[in-house]
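Dear colleague,

I am handing over the structure below, together with an account of what was found in it. Please have it open beside you while you read.

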Amino acid sequence: AEHDALFRAHYPTVVAFLARRIPVEDAKDLGAEVFVEAWRQRDHVIVDEDRGWLPWLFTVARRMSNAWLAAQFAAGARNARMAPPAPEDFTARVVEVDAANQQLSAALEAMVRLGEEDREVLELCGLFGFTPAQASITLGVPAGTVRVRLHRARQRLSEAIDGEVAS
């Protein structure tokens with residue numbers, strides 16, 4: 001019962017997190033596996049005061065998606081369905097939907113130029129609304145490190161946006 005409630009509450013968010021890393025159909029399947037693995041490890045779960053299990057679920061999802069990507073690479077997967085979605089493709093789809101909003105377009109284009117570490121911390125804290133302490137659970141680093149990474153990523157994003165708007 002507790003597992004089912006946890007699944008119903010967080011499955012869509014976990015799939016959204018995974019879909020930024022791997023193809024959506026695979027993210028849906030892997031999302032279900034994340035809950036099985038997280039439940040197996042429930043004695044070791046770091047439950048956040050505000051977000052509950054979600055930072056831990058992202059930790060498991062991140063580890064499992066990395067393993068999935070490594071397995072695809074090792075298997076020599078070359079077709080588009082097997083390849084992880086390129087940030088540029090995701091950005092292009094969003095920009096097409098909201099082309100009228102120049103600031104959003106510039107921000108999304110700038111995100112593509114940031115490094116993976118910057119994108120990841122910005123997504124966790126911006127898109128998913130994690131605090132640095134919650135993101136630290138997912139990233140496996142101290143909250144202070146997340147705060148520094150977030151500050152630097154925001155600076156780089158701002159500089160990239162300024163460069164995009166000026167262009």
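Contact, as the word is used in this message, means heavy atoms within 4.5 Å. With that in mind, and remembering that this is a predicted model, you may like to begin at leucine 114, which lies in the loop between α5 and α6. Leaving aside its neighbours within four places in sequence, leucine 114 is in contact with Arg119, Leu122, Ala153, Arg156 and Leu157. One of these partners, arginine 156, is 42 residues away from leucine 114 in sequence, yet the two are 7.5 Å apart in space, taken from C-alpha to C-alpha. Because residues under 20% relative accessible area count as buried, leucine 114, at 7% relative accessibility, falls in the buried class.

Aspartate 118, found in helix α6, also has a relative accessible area of 7% and is buried. When residues up to four places away in sequence are not counted, aspartate 118 touches Arg149, Ala153 and Arg156. Ala153 and Arg156 are thus named among the contacts of aspartate 118, and they are named among those of leucine 114.

Turning to the chain as a whole, its secondary structure comes to eight helices and zero strands, and the pattern read along the sequence is α-α-α-α-α-α-α-α. The chain has 167 residues, of which 41% count as buried. If one takes the contacts between residues at least 6 apart in sequence, 61% of them join residues at least 24 apart.

The largest nonpolar core has 39 residues, and those with the most contacts inside it are Val14, Val34, Leu57 and Phe58. The elements giving two or more residues to this core are α1 (2–19), α2 (24–40), α3, α5 (102–113), α6 (116–127), α7 and α8 (143–166). Its largest share, eight residues, comes from α3. As for leucine 57, its contacts, apart from neighbours within four places in sequence, are with Leu6, His10, Val14, Val34, Phe35 and Ala38.

Two helix pairs deserve a description of their own. In the pair α1 and α2, the axes come within 9 Å and cross at roughly 140°, and the two helices are therefore oblique to each other. Their crossing is right-handed. On the α1 side the contact is made by Glu2, His3, Leu6, Phe7, His10, Tyr11, Val14, Val15, Leu18 and Ala19, and on the α2 side by Val24, Ala27, Lys28, Leu30, Gly31, Ala32, Val34, Phe35, Val36 and Trp39. By class, the residues of this contact of α1 with α2 divide into 15 nonpolar, three polar and two charged.

In the other pair, helix α3 (residues 54–74) and helix α7 (residues 132–139) pack at an angle of about 30°, with their axes 7 Å apart. Since angles under 35 degrees count as roughly parallel, α3 and α7 are described as roughly parallel to each other. The crossing in which α3 passes α7 is right-handed. Pro55, Trp56, Phe58, Thr59 and Arg62 of α3 make this contact with Gln134, Ile137, Thr138 and Leu139 of α7. The contact of α3 with α7 has five nonpolar, three polar and one charged residues.

With best wishes

Notes
Residues numbered from 1 in each chain as written. Predicted model: local features only at pLDDT ≥ 70, side-chain atom pairs only at ≥ 80, totals over all residues. Heavy atoms only, no water. Axes fitted to C-alpha atoms, helices over the stretch in contact; angles between N-to-C directions. Helix = DSSP H or I, 4+ residues; strand = E, 2+ residues; numbered from the N terminus. Parallel < 35°, antiparallel > 145°, perpendicular 65-115°, else oblique. Left-handed = near helix turned anticlockwise from the far one by under 90°. Nonpolar A, V, L, I, M, F, W, Y, C, P; charged D, E, K, R; others polar. Core = buried A, V, L, I, M, F, W, Y, C linked by side-chain atoms within 4.5 Å. Buried < 20%, exposed > 50% of the residue type's maximum accessible area, 1.4 Å probe, protein only.
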